[in-house]
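Biologist: Please pick one part of this model and go through it closely, strand by strand. After that, go on to whichever other parts can be described in similar detail.

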Amino acid sequence: MIVVNEVSKAYGSRTLFDNVSVKFSPGNRYGLTGPNGAGKSTFMKILSGELEPSNRGTITRPQRIGVLKQDQYAYDNERIIDTVMMGNELLWNTFKERDALCELPDLTEEQMNRLGDLESIIADENGYMAEFEAGEILRGIGIPDEQHENLMSSLPIDFKFRVLLAQALFAGPQALFLDEPTNHLDLDSIHWLEDFLQDYDGTLIVISHDRHFLNSVCTHIADIDYDTIIIYPGGYDDMVEHKLQARQTIENENRDKAKKIAQLQEFVSRFAAGQRSSQVQSRRKEIARLAPQELKRSNIQRPYIRFEQEKPMGREILEVEGLSKSFDGKKLFDNLRLDITRGEKIAIIGGNGVGKTTLIRCLIGEIEPDAGKVKWGDNAAWSYYPQDFHSEIKPGSTALEWLNQFMVDEGDNLVRSVLGRMLFSGDEALKATEALSGGETARLLMARMMMLKNPILIFDEPTNHLDLEAVSALGDGLSQFPGTVFVVSHDRDLISDVATRVISFTENGVIDWLDTYPEYLKVHKFKDFARAGKK
């Protein structure tokens, strides 16, 4: 059980949450939601003890907690099995101190006594079985015995994540805190993680921008809004429905109260100076009783994303013949042939490192293919959203100044209008580019794409830094765009809602599926990671 009692957190004059009191029960899986900047990661760090609240509020947490580390490269120089065992910090530090003492040529009496104390700690922490248990977890997540002694640097990024998850799970934590666990994971790995977490019997608290993941894993949603945290039963979609219904109920009640108050106020105004003083007093008390319930302003903000095309292209958008590309002796795609026509929306899916980004960069001419040709239709013009977008926006200007440079004839009014739709209203438009968060940088790049009005939109992992409202708005914008879309993504809801065609990188080559993603899944199932996730 995790008990939060009257916890507040503020930065300067900005309050993230105030006097929060909630309970997180064992066996339940909670999604922690709220827009970018609402304080989700801050609240999770308070829960884990990494941060202190702003007031004297208290947190009661289990003795053993597991926290998913965010830096997949932090352990590159460590053995894989050691990285897992580091999940029990007390045990790991005890091992290191014991080994250091054992390397000394001679031990003092005090050091001998200390060595005995360390062996007692190791025994209490079941340390003599630690390497066996760590190896068992690693086998369960798909890393065979022969790799356990290798360095973390030898693993691809999605398997590094699995090791960090194993680290969080090591020593049987009673509570598990996961902040954006699906980042950098491919669709197969996300499917495996969902299955794994559904079997976890402790208290899970997870932050994710993946709506499908939250709906699949969570039994409850803890939503940060109205300066507090409210727990709703069910997944993310259930929370949205409950939240909307609750607000609509209060708004309807307030409207009914306002009508009643107006009628009572009219009576009071007419007879306040007359002979009906008792009736007037009665109605004044009724007016006070009917005071409308205060509705705090929600912090949820939804950008308005709409893409237009200034000059539509002809029917033939792109022709690819015999396209091949290899890296370090590994064939990414071979003799690929594509014919793309106007209005198609193509999702490019597959595991990490299989060649999705490379294909995009070959298509737009950033990388030279080994063989084959790429022929775009007449007057082809595209807007490109790269996966690593931080170099796109240079420091030293404001968001308004940066966006203005792409406009020739239009003035500040149009640019400010687009910025406002992307939640850069008022002084937010004057925010320095070097101070932009990941979500703000993503929205600013999309604002540029909206303004350029090119007939082809190309996105490489656009949802990684967006909150759930922005991801939903992007899906709406792409669905309504009349031009052609290429999108590399692991977000199943986005590609299900948007894609009319799927290019899938598989172990047996590239599949060009001329239908929607749900239809693709009926034929091409996920790899069976589900069994690997079970111990």
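Modeller: I start with a turn: in this predicted model, S1 and S2 form a hairpin with two residues between them. One residue in the turn, Gly 12, has a positive phi of about 65 degrees. Strand S1 covers residues 2-11 and pairs with S2 in the antiparallel sense over seven bridges. Two of the pairings can be named: Lys 9 has Phe 17 as its bridge partner in S2, and Ile 2 has Phe 24.

The hairpin belongs to an open sheet of three strands, ordered S2-S1-S4, with antiparallel pairing. Strand S2 (14-24) and strand S4 (58-60) are the edge strands; each has a single partner, so one side of each is left without a neighbour in the sheet. From one strand to the next, the twist averages 20 degrees. Helix H1 (residues 40-48) packs on this sheet and touches S1, S2 and S4. The direction of H1 makes about 130 degrees with that of S1.

The bridge partners in S2 come up again in the aromatic side chains. Phe 17 and Phe 24 form one aromatic cluster together with Tyr 30 and Phe 43. Beyond S2 comes a loop that leads to strand S3 (29-33), and Pro 26 has its place there. Pro 26 is 24 residues from Ile 2 in sequence, yet their C-alpha atoms are 8.3 Å apart. Leaving aside residues up to four places away in sequence, Pro 26 touches Met 1, Gly 202 and Thr 203.

Further along the chain is another open sheet of three strands, in the order S11-S10-S13, again with antiparallel pairing. Here strand S11 (330-341) and strand S13 (371-376) stand at the edges; each has a single partner strand, so one side of each lacks a neighbour in the sheet. On average, neighbouring strands of this sheet are turned by 15 degrees against each other, direction ignored. Strand S10 (residues 316-327) pairs with S11 in the antiparallel sense over eight bridges. Within this pairing, Lys 331 in S11 stands opposite Ser 326. Helix H11 (residues 356-363) lies across S10, S11 and S13 and runs at about 125 degrees to S10.

Now the helices. Helix H3 (residues 89-102) has 14 residues. From its first C-alpha to its last, H3 reaches 20 Å, close to the 20 Å expected at 1.5 Å a residue. Leu 91, Trp 92, Thr 94, Phe 95, Arg 98 and Leu 101 are the buried residues of H3. They pack against helix H2 (80-85), helix H4 (109-124) and helix H5 (130-140).

A charged residue to look at is Lys 243, found in helix H9 (residues 236-271). Lys 243 has a relative accessible area of 8% and is therefore buried, the cut-off being under 20%. The side chain of Lys 243 is joined to that of Asp 223 by a polar contact of 2.5 Å.

Last come the aromatic pairs, of which a search of the whole structure finds 12. In one of them, the rings of Tyr 385 and Phe 459 have centres 5.8 Å apart and planes at 35 degrees, so the pair is tilted. Tyr 385 lies in strand S14 (residues 382-385) and Phe 459 in strand S15 (residues 456-460), so the pair ties together parts that are 74 residues apart in sequence. Tyr 385 and Phe 459 are both buried.

A stacked pair is formed by Tyr 517 and Tyr 520, at 6.2 Å centre to centre and with 15 degrees between the planes. Tyr 517 and Tyr 520 are three residues apart in helix H17 (residues 517-523), so about one helical turn separates them. An α-helix has 3.6 residues a turn, so residues three or four places apart point the same way. Both Tyr 517 and Tyr 520 are buried.

Conventions. Residues numbered from 1 in each chain as written. Predicted model: local features only at pLDDT ≥ 70, side-chain atom pairs only at ≥ 80, totals over all residues. Heavy atoms only, no water. Pairing = 2+ DSSP bridges. Helix = DSSP H or I, 4+ residues; strand = E, 2+ residues; numbered from the N terminus. Axes fitted to C-alpha atoms, helices over the stretch in contact; angles between N-to-C directions. Contact = heavy atoms within 4.5 Å. Expected span 1.5 Å × (residues − 1). Buried < 20%, exposed > 50% of the residue type's maximum accessible area, 1.4 Å probe, protein only. Polar contact = N/O pair within 3.5 Å; in protein donor to acceptor, adjacent residues only side chain to side chain. Phe/Tyr/Trp six-rings, centres within 6.5 Å; stacked < 30°, edge-to-face > 60°.
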